[in-house]
Amino acid sequence: MQNNYDIIIVGAGPAGCTSAIKLSESNLRVALIDKAVFPRDKICGDALSGKVISVLKYTDLPAEKALHKFPEKLPSWGIRFVAPNGQHLDVPFKKDSPSGPGTAPGYISKRIDFDNFLLDEVKKRNGVDIFEGQKIDSISRDQANGTFLIQSNKESWNSQMIIGADGAHSVVKRFLSPQKYPSKNQAAGLRQYFRGVDGFANEQYIELHFLKDLLPGYFWLFPLPNGWVNAGLGLRSDMVSKRKVNLKVLFNEIMETHPEISKRFKHAEPMESIKGFGLPLGSTWRETFGDGFLLTGDAAGLIDPFSGEGIGNAMISGKIAAEQCLEAFEKRAFDKGSLAPYESKLRKKIQKELAVSTQMQQLANYSWLFNFAVNKANNNPALQSMMSMMFDDIDIRNELNKPSFYWKLLFGT
Ligand SMILES: Cc1cc2nc3c(=O)[nH]c(=O)nc-3n(C[C@H](O)[C@H](O)[C@H](O)COP(=O)(O)OP(=O)(O)OC[C@H]3O[C@@H](n4cnc5c(N)ncnc54)[C@H](O)[C@@H]3O)c2cc1C
């Protein structure tokens with residue numbers, strides 16, 4: 001294989017693979033490099049929203065079709081919210097799946113399987129050279145000709161452009177856009193796989209438990225294929241420090257002593273030790289581009305601050321980054337100014353949603369509000385229906401930020 005490329009994508013997670021799928025049909029010389037050898041695990045809740053299906057559909061139709069056939073996933077049809085007072089609300093996903101009626105609006109799939117599925121889709125297309133097991137540890141740019149030198153522990157490559165798709169601890173970001181962001185824009189998350197967790201009222205619903213001590217974060221139980229369950233929790237990093245909470249201790253306490261949850265773990269068998277990872281939240285806008293490079297997914301900090309969902313936005317940014325690269329090569333313009341449309345397109349697509357979710361995260365701090373909303377919604381089908389629509393419709397979600405919403409909630413008018 002050659003070592004001179006037009007574009008090097010660092011990271012073969014959802015963001016990097018989406019860029020690679022999109023670029024595989026171009027005439028450009030593209031390489032995708034990852035430190036892991038796939039299939040590889042990624043600490044995550046494993047929930048794939050409708051966004052994931054939608055991006056695949058608009059990036060590459062055969063890949064979307066392949067996802068529906070891919071066996072290592074469970075369809076997901078709705079969410080159970082459990083309020084701090086223990087009352088729950090079941091919210092079915094209302095809209096049809098992006099793939100049309102009858103297909104599930106979302107999936108749950110272990111990342112070891114889903115990410116491998118995506119990389120296989122890249123491999124099928126033959127247009128991209130793939131390097132696995134190569135940890136990039138330095139990146140420099142020749143100021144005279146603008147090319148990058150990218151070095152791993154074993155090899156080095158040259159490229160005109162870089163897409164940074166290397167996750168929360170991005171080496172591309174560290175070398176090319178090293179600003180730091182406050183810990184309120186970060187969260188810490190834990191995950192542990194189990195078998196034998198009881199009490200799923202509906203195995204095709206994911207469960208979010210908003211427990212008083214964990215607000216505005218939550219504890220989750222997501223059912224997986226073959227009787228496995230992804231259990232986990234997440235909390236904003238500044239709150240972890242302020243409350244001096246040990247998340248692993250709290251996680252175990254919930255499973256052992258919470259009056260309802262502990263019953264469900266009576267026969268559960270852990271399939272691994274507890275694992276943790278950071279979530280760069282999209283509650284602030286970070287620098288996403290510069291001379292010759294674009295940042296995508298977690299490297300750009302695009303995780304939904306309320307739900308913790310990041311795979312969909314990673315894929316959206318991966319697609320837009322690939323399109324921006326195509327434009328850059330068409331115009332032979334790789335400077336920061338020429339790449340600026342990447343950020344404006346990305347903002348247009350997801351900034352409003354991230355802003356609403358940032359406000360929702362702030363509201364989620366109030367346990368009484370949660371209890372009240374769940375109680376009211378259980379007795380009010382119209383409100384229930386509205387909450388269901390919120391998952392797909394950002395304008396409806398925005399209603400949560402208007403005083404009139406709470407007036408209607410209180411007085412039912
Ligand atoms: C506990 C937890 C639960 C979560 N739950 C959900 C959920 O249920 N649903 C959801 O949508 N999102 C969830 N997220 C967020 C989601 O995991 C991320 O947003 C998503 O993985 C981002 O994709 P990415 O492609 O940007 O990065 P990643 O998936 O992190 O992929 C980055 C890739 O880059 C590679 N890489 C890193 N450094 C280097 C290097 N130096 N050289 C070469 N390669 C490198 C890595 O090996 C990796 O393959 C969760 C996150 C956490 C931590």
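Okay, a bit of vocabulary before we start: when I say helix or strand, I mean a DSSP run, at least four residues for a helix and at least two for a strand, numbered from the N terminus. And keep in mind that what you see above is a predicted model.

With that, let's go to Asp304. Where is it? Asp304 sits in the loop between strand E19 (293-295) and helix H9 (311-331). Is Asp304 buried or exposed? Its relative accessibility is 3%, and buried means under 20%, so Asp304 counts as buried. What does its side chain reach? One partner is the backbone nitrogen of Phe306, at 2.9 Å. Another is the side chain of Ser357, joined to the Asp304 side chain by a polar contact of 2.9 Å.

Next up, helix H7, residues 247-257. Its buried residues are Leu247, Leu250, Phe251, Ile254 and Met255. They cover an arc of only 130° around the axis, so they end up on the same side of H7. Look at the spacing in those numbers, and here's the textbook bit: an α-helix has 3.6 residues a turn, so residues three or four places apart point the same way. Over on the other side of H7, Glu256 and Thr257 are exposed.

So what do the buried residues of H7 pack against? Quite a list: strands E12 (186-195), E14 (218-223) and E15 (228-236), plus helices H6 (237-242) and H8 (261-264). And at the start of H7, a side-chain oxygen of Asn246 comes to within 3.0 Å of the backbone nitrogen of Lys248.

Last topic, salt bridges. How many does the structure hold? There are 20. I'll walk you through a few.

Arg29 and Asp6 meet through their side chains at 2.9 Å, N to O. This pair links distant parts of the chain, 23 residues apart: Arg29 is in the loop between helix H1 (14-23) and strand E2 (30-33), and Asp6 is in strand E1. With 37% relative accessibility, Arg29 counts as partly exposed, while Asp6, at 11%, counts as buried.

Then there's Asp115 with Arg40, at 2.8 Å, N to O. Asp115 is in helix H4 and Arg40 in the loop between E2 and strand E3, so the pair ties together parts 75 residues apart in sequence. Both Asp115 and Arg40 are buried.

Finally, Arg191 and Glu272 form a salt bridge, also listed at 2.8 Å, N to O. Arg191 belongs to strand E12, and Glu272 is 81 residues away, in the loop between strands E16 and E17. Shared partners then join Asp41, Arg191, Glu272 and Lys275 into one network of salt bridges. That's my tour, thanks!

Technical notes
Residues numbered from 1 in each chain as written. Predicted model: local features only at pLDDT ≥ 70, side-chain atom pairs only at ≥ 80, totals over all residues. Heavy atoms only, no water. Buried < 20%, exposed > 50% of the residue type's maximum accessible area, 1.4 Å probe, protein only. Arc of directions from axis to C-beta. Contact = heavy atoms within 4.5 Å. Polar contact = N/O pair within 3.5 Å; in protein donor to acceptor, adjacent residues only side chain to side chain. Salt bridge = Lys/Arg side-chain N within 4 Å of Asp/Glu carboxyl O.
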